[in-house]
Amino acid sequence: MHIVGNRSSLSVERVAEQFDITRGHLCRIFKEEAGMTYIEFVTELRIREAKQRLRDGEESIQSILESVGYHDAASFHRKFKQLTGVTPLQYRNSARKSEQS
């Protein structure tokens with residue numbers, strides 16, 4: 001899935017509206033079926049997309065974080081490190097070293 005910077009298109013409210021159900025109902029169904037909250041799912045999608053872009057290109061980290069739906073660099077860095085164990089820059093550098101090996 002390629003996420004383009006339109007953060008509102010992934011909002012709980014927007015998705016619930018598209019399925020003509022309440023926000024609460026969407027959250028309950030999603031948690032039951034996916035085993036994680038909707039927000040956790042979207043966060044994982046965003047970080048997965050960021051990881052791919054960090055590996056595959058020369059795009060700036062700022063540009064990447066904005067394109068996957070983050071508007072605050074500190075929030076992106078904190079969540080990225082929480083989920084991957086490294087900062088975005090460390091991840092990029094490690095991926096580049098792996099490619100050269």
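**Helices and cores in a predicted model**

Colleague: What order do the elements of the protein run in from the N terminus?

Modeller: The order is α-α-α-α-α-α. The model is predicted, and its secondary structure comes to 6 helices and 0 strands.

Colleague: Why is α3 called oblique to α6?

Modeller: The axes of α3 and α6 (residues 88-100) cross at roughly 50°. Angles under 35 degrees count as roughly parallel and 65 to 115 as roughly perpendicular; the crossing falls in neither range, so α3 is oblique to α6. The two axes come within 8 Å, and the crossing is right-handed.

Colleague: What makes up the contact of α3 with α6?

Modeller: From α3 come Lys51, Arg53, Leu54 and Arg55, which meet Pro88, Tyr91, Arg92, Ala95 and Glu99 of α6. These residues divide into 4 nonpolar, no polar and 5 charged. Pro counts as nonpolar, so Pro88 belongs with the nonpolar residues of this contact.

Colleague: Which residues make up the largest nonpolar core?

Modeller: There are 11 residues, among them Ile47, Leu54, Ile61, Val68, Phe76 and Tyr91. Each of α3 (38-56), α4 (61-67) and α5 (73-84) supplies at least two residues of this core. A second, separate core has 9 residues, including Val12, Leu26, Phe30 and Tyr38.

Colleague: How do you know that Leu54 is buried?

Modeller: Leu54 belongs to the largest nonpolar core. A nonpolar core is a set of buried residues, so Leu54 has under 20% relative accessible area. Of the 101 residues of the protein, 31% count as buried.

Note on methods: Residues numbered from 1 in each chain as written. Predicted model: local features only at pLDDT ≥ 70, side-chain atom pairs only at ≥ 80, totals over all residues. Heavy atoms only, no water. Core = buried A, V, L, I, M, F, W, Y, C linked by side-chain atoms within 4.5 Å. Buried < 20%, exposed > 50% of the residue type's maximum accessible area, 1.4 Å probe, protein only. Helix = DSSP H or I, 4+ residues; strand = E, 2+ residues; numbered from the N terminus. Axes fitted to C-alpha atoms, helices over the stretch in contact; angles between N-to-C directions. Parallel < 35°, antiparallel > 145°, perpendicular 65-115°, else oblique. Left-handed = near helix turned anticlockwise from the far one by under 90°. Contact = heavy atoms within 4.5 Å.
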